[in-house]
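Trainee: Could you take me closely through one part of this model, the place where the two domains meet, and the charged pairs that belong to that picture?

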Amino acid sequence: MGTLSKVLCLMLLCCIVAAAEGTLKYKDPKQPLGARIRDLMNRMTLQEKIGQMVQIERSVATPEVMKKYFIGSVLSGGGSVPSEKATPETWVNMVNEIQKASLSTRLGIPMIYGIDAVHGHNNVYGATIFPHNVGLGVTRDPNLVKRIGAATALEVRATGIPYAFAPCIAVCRDPRWGRCYESYSEDYRIVQQMTEIIPGLQGDLPTKRKGVPFVGGKTKVAACAKHFVGDGGTVRGIDENNTVIDSKGLFGIHMPGYYNAVNKGVATIMVSYSAWNGLRMHANKELVTGFLKNKLKFRGFVISDWQGIDRITTPPHLNYSYSVYAGISAGIDMIMVPYNYTEFIDEISSQIQKKLIPISRIDDALKRILRVKFTMGLFEEPLADLSFANQLGSKEHRELAREAVRKSLVLLKNGKTGAKPLLPLPKKSGKILVAGAHADNLGYQCGGWTITWQGLNGNDHTVGTTILAAVKNTVAPTTQVVYSQNPDANFVKSGKFDYAIVVVGEPPYAEMFGDTTNLTISDPGPSIIGNVCGSVKCVVVVVSGRPVVIQPYVSTIDALVAAWLPGTEGQGVADALFGDYGFTGKLARTWFKSVKQLPMNVGDRHYDPLYPFGFGLTTKPYKM
């Protein structure tokens with residue numbers, strides 16, 4: 001064969017290969033979604049299918065692991081970062097390095113990277129930290145949370161991540177639960193309203209096709225409604241425990257938020273660690289498959305919680321074979337393993353081989369995972385860039401968070417009986433006192449799920465404005481601001497203060513570490529209230545993830561504000577205290593008198609709160 005013939009043959013071969021490439025329907029965005037999914041599934045081996053169902057932690061997601069096991073998803077656990085105070089560029093490079101490994105596999109299926117962005121992009125240094133959901137429920141403002149969702153999506157995309165494990169649509173029925181601050185309200189109707197954060201995160205659903213997942217391009221992220229279902233109703237508020245309630249209660253209180261989430265095109269739903277009447281939700285086929293998938297027609301994918309299938313048994317991981325069987329059979333599509341991926345892959349492979357798990361169940365999971373990946377454009381644009389880096393902690397987003405803070409404040413008392421209201425405070429005074437550890441502590445202000453899983457103490461872990469700094473920013477230049485974290489009574493009496501702002505509350509916590517039976521303000525908070533409010537007019541600002549015991553101190557307090565966990569923008573607290581804006585918030589949770597009353601929710605027969613659901617005094621903006 002001559003040289004020309006060889007060249008012609010080579011060119012012909014190249015054309016054939018190119019033509020064959022052209023017939024890869026799954027790589028063609030012009031093809032219908034269903035055709036792309038079917039085409040890709042038909043090309044996949046069982047091991048490639050199983051790999052798509054596995055989500056692993058970034059610390060074990062080496063390029064070799066991604067390629068060898070065809071891993072479908074990676075996550076950052078709470079506080080899991082590429083480096084301390086990592087920049088957007090560091091994040092993007094890490095995510096892209098993992099993604100390039102996925103793209104180098106035979107079929108080049110991109111992985112989806114997920115992270116807990118539950119009140120802004122909370123793992124990331126310099127991000128805007130919005131108020132936790134307990135405060136946002138107070139606003140009863142769906143448009144506000146939609147804007148927060150859109151801002152959060154941009155900040156998550158700034159770090160190259162396309163998937164957020166939010167929102168939590170739990171209906172917390174007992175404030176002793178350590179996750180109560182992740183819940184918008186004890187009233188499911190407010191939780192339903194707040195699902196408007198989903199189109200904020202994902203974009204507005206262009207079609208009314210029920211249950212179809214939707215993510216509107218590179219400025220948006222896939223959302224995750226969690227934790228399905230009844231997580232907020234456990235006995236005595238014990239985290240991951242048993243929700244004892246009849247069907248009417250489960251479907252009437254805890255399920256309604258999921259109707260809205262599915263109708264708004266939520267891409268994924270995370271299953272709850274908790275049980276319903278003794279059966280772990282991770283093993284509840286009737287609700288996960290029967291109700292969520294078949295009745296509600298949810299078409300996105302169902303994901304487990306962190307080691308969620310392990311915790312089907314007590315103690316966890318007691319019988320892993322059973323856990324894998326029960327979890328997959330229940331209808332969970334993606335397993336947040338997150339470390340022992342070879343154990344999971346070996347176990348599920350064995351059960352498929354033994355025909356314990358039918359291949360149809362694997363194909364259902366795969367179809368749903370691929371549907372989300374195709375829908376969000378991951379196949380077309382799998383790699384991130386730095387085009388959104390300037391969105392992280394942007395001025396615009398911080399202003400939005402500040403707006404959310406002032407709208408989430410609830411004024412519970414304003415002036416002693418017969419006395420004039422204390423608020424708004426005068427900006428022009430001689431000398432004022434600010435007291436309490438929470439006044440100058442960004443970590444306390446933000447709460448759990450901030451930079452780390454459990455949250456932090458101090459001001460050097462991220463960027464923001466403390467309440468003390470906000471007060472100093474707001475008062476007249478001639479007003480002397482004295483800060484004393486824990487003043488004694490003599491200091492206060494001799495100080496000749498015009499008034500005092502006392503900021504006390506809870507330390508940060510997350511999940512079971514926040515479970516409590518006493519719900520008290522941290523020491524020395526109560527003694528600070530006594531020392532200060534006994535000698536000078538005072539407003540007490542409570543920074544907490546839930547209502548706390550306050551009744552013993554109310555009579556000594558002139559004004560009382562519930563600030564919840566406001567996040568990085570403490571200026572919003574000063575905005576209302578000094579009258580630049582009025583107080584408008586109304587309680588979305590019942591404020592109890594004593595923990596002995598719990599659980600106590602609006603509508604209960606024996607309802608005798610200190611401040612009822614819906615309560616909140618208002619003030620007008622003060623015009624100078």
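Mentor: A salt bridge here is a side-chain nitrogen of Lys or Arg within 4 Å of a carboxyl oxygen of Asp or Glu. The model is predicted, so local features need pLDDT of at least 70 and side-chain atom pairs count only at pLDDT 80 or more, while totals for chains, interfaces and linings use all residues. Residues are numbered from 1 along each chain as its sequence is written, and side-chain values use heavy atoms, with hydrogens and water left out.

The domain assignment, which is automatic or taken from a database, gives domain 1 (45-391) and domain 2 (409-611), and their C-alpha centres lie 34 Å apart. In contact terms (heavy atoms within 4.5 Å), 44 residues of domain 1 meet 44 residues of domain 2. About 3,300 Å² is buried between the two domains, with carbon and sulfur atoms giving 53% of that area; buried area is the accessible area (1.4 Å probe) that two parts lose on being put together, summed over both.

Between domain 1 and domain 2 the count is 2 salt bridges, and the side chains of E186 and R589 meet in a salt bridge with N and O 4.0 Å apart. R589 lies in the segment after α22 and E186 in the loop between β4 (163-164) and α8 (188-194), so this pair ties together parts that are 403 residues apart in sequence; helices (H or I, at least four residues) and strands (E, at least two) are DSSP runs, numbered from the N terminus. Buried means under 20% relative accessible area, exposed over 50%, and partly exposed in between (1.4 Å probe, protein chains only), so R589 counts as buried at 2%, and E186 counts as buried at 1%.

Beside E186 in the sequence, D187 forms a salt bridge with R189 at 3.1 Å, N to O. The two partners differ in exposure, because D187 is buried with a relative accessible area of 9%, whereas R189 is exposed with 51%.

Helix α22 itself (residues 571-577) holds D575, which counts as buried because its relative accessibility is 1%. Leaving aside residues up to four places away in sequence, D575 touches R402, R406, D580 and Y581.

For the wider setting, a search of the whole structure finds 31 salt bridges, one of which joins R311 and E240 at 2.7 Å, N to O. R311 and E240 are both buried.
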